[in-house]
Amino acid sequence: MNENDLLARFGLTPVADDLPEIRRLIESAIADTNRASNEPLKLLCTQLFSAGIPSDALPIYEAKMSSFDAGCSIDIQLVCGAGLEATEECLRSSSVPEAIELLTLLDRCKRAGDFAGFTPQQQLASYRRYYGLSS
């Protein structure tokens, strides 16, 4: 599916009933090592980000780390749909090794200023502009 199909199907802020399908599509895209573009994966991560569920940080991080190009394309802020503090709290309570990796990365990114002035609402507004949607 391309970005236009994904936007038509789910919108930028999908309903809760669509989130399991979006997670499945992310897993499928990650598994596709021959994907021609990371734009659909980036949009799927943005759609998942918009739900604001702290535990979605890990699948979004997995998508970001799935290739060099995905790492460049998928913004680190997308792992924090629930907000930075709520995401960090969720990751601290996780026993998954990737949670520690992501916490370390978030700490480095915070020190680098990547989260200065960050709010999920402002981030989502920037994606509305990116995808040419009204705000």
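This is a guided tour of the structure, one selection at a time. Keep in mind that you are looking at a predicted model.

**Stop 1: the core**

Start by selecting Ile26, Val79, Leu102 and Leu106. These are the residues with the most contacts inside the largest nonpolar core, which has 39 residues. Now colour the helices that feed it: α1 (3-10), α2 (19-31), α3 (39-50), α4 (57-64), α6 (84-92), α7 (97-111) and α8 (120-130) each put at least two residues into this core. As background, nonpolar side chains in soluble globular proteins tend to be buried together.

Stay with Val79 for a moment and show what surrounds it. Setting aside residues up to four places away in sequence, Val79 touches Ala57, Ile60, Tyr61, Thr87, Leu102 and Leu106. Two of those, Leu102 and Leu106, were in your opening selection as well.

**Stop 2: where α4 meets α7**

Hide everything but α4 and α7. What angle do they pack at, and how far apart are their axes? The angle is about 75°, and the axes are 10 Å apart. That is why α4 counts as roughly perpendicular to α7.

Next, bring up the side chains at this contact. From α4, pick Ala57, Leu58 and Tyr61; across from them in α7 you'll find Glu98, Ala99, Glu101, Leu102 and Leu105. Sorted by class, the contact has six nonpolar residues, two charged ones and no polar ones.

Before you leave, add Ser94, in the loop between α6 and α7. Apart from residues up to four places away in sequence, Ser94 touches Leu58 and Ala99. Is Ser94 buried or partly exposed? Its relative accessible area is 22%, so Ser94 is partly exposed. If you want a long measuring line across the model, draw one from the C-alpha of Ser94 to the C-alpha of Ile22: the two residues are 72 apart along the chain, and the atoms are separated by 22 Å.

**Stop 3: the salt bridges**

Side chains of opposite charge can pair when their charged atoms come close. How many salt bridges does the structure hold? There are five, and this stop visits some of them.

Select Arg9, Glu21 and Arg24, which are linked in a network of salt bridges. Glu21 meets Arg9 with an N to O distance of 3.6 Å. Glu21 sits in helix α2 and Arg9 in helix α1, so this pair ties together parts that are twelve residues apart in sequence.

Glu21 also forms a salt bridge with Arg24, and here the closest N and O atoms are 2.8 Å apart. Glu21 and Arg24 are three residues apart in helix α2, so about one helical turn separates them.

Switch on the surface and check each member of the network. Glu21 is partly exposed at 22% relative accessibility. Arg9 is partly exposed too, at 43%, and Arg24 is partly exposed at 43%.

Now move to Asp56 and Arg23, a salt bridge whose closest N and O atoms are 2.8 Å apart. Asp56 lies in the loop between α3 and α4 while Arg23 lies in helix α2, so the pair ties together parts that are 33 residues apart in sequence. Is Asp56 buried or exposed? At 3% relative accessibility, Asp56 counts as buried, whereas Arg23, at 26%, is partly exposed.

**Stop 4: Cys80**

Jump to Cys80, in the loop between α5 and α6. With 0% relative accessibility, Cys80 counts as buried. Which residues are in contact with Cys80, leaving aside its neighbours within four places in sequence? Show Phe49, Thr87, Leu106, Phe115, Phe118 and Pro120. You can also draw a line to Gln123, 43 residues from Cys80 along the chain: their C-alpha atoms are separated by 9.8 Å.

**Stop 5: Asn38 and Ser73**

Finish with a pair of residues that touch each other. Asn38 lies in the loop between α2 and α3, and Ser73 lies in helix α5 (residues 68-73). Both come out as buried: Asn38 at 12% relative accessibility and Ser73 at 15%.

Leaving aside neighbours within four places in sequence, Asn38 is in contact with Ser67, Asp69, Ala70 and Ser73. Turn the view around to Ser73 and, with residues up to four places away in sequence again not counted, Ser73 touches Asn38, Glu39 and Lys42.

Terms used:
Residues numbered from 1 in each chain as written. Predicted model: local features only at pLDDT ≥ 70, side-chain atom pairs only at ≥ 80, totals over all residues. Heavy atoms only, no water. Core = buried A, V, L, I, M, F, W, Y, C linked by side-chain atoms within 4.5 Å. Buried < 20%, exposed > 50% of the residue type's maximum accessible area, 1.4 Å probe, protein only. Helix = DSSP H or I, 4+ residues; strand = E, 2+ residues; numbered from the N terminus. Contact = heavy atoms within 4.5 Å. Axes fitted to C-alpha atoms, helices over the stretch in contact; angles between N-to-C directions. Parallel < 35°, antiparallel > 145°, perpendicular 65-115°, else oblique. Nonpolar A, V, L, I, M, F, W, Y, C, P; charged D, E, K, R; others polar. Salt bridge = Lys/Arg side-chain N within 4 Å of Asp/Glu carboxyl O.
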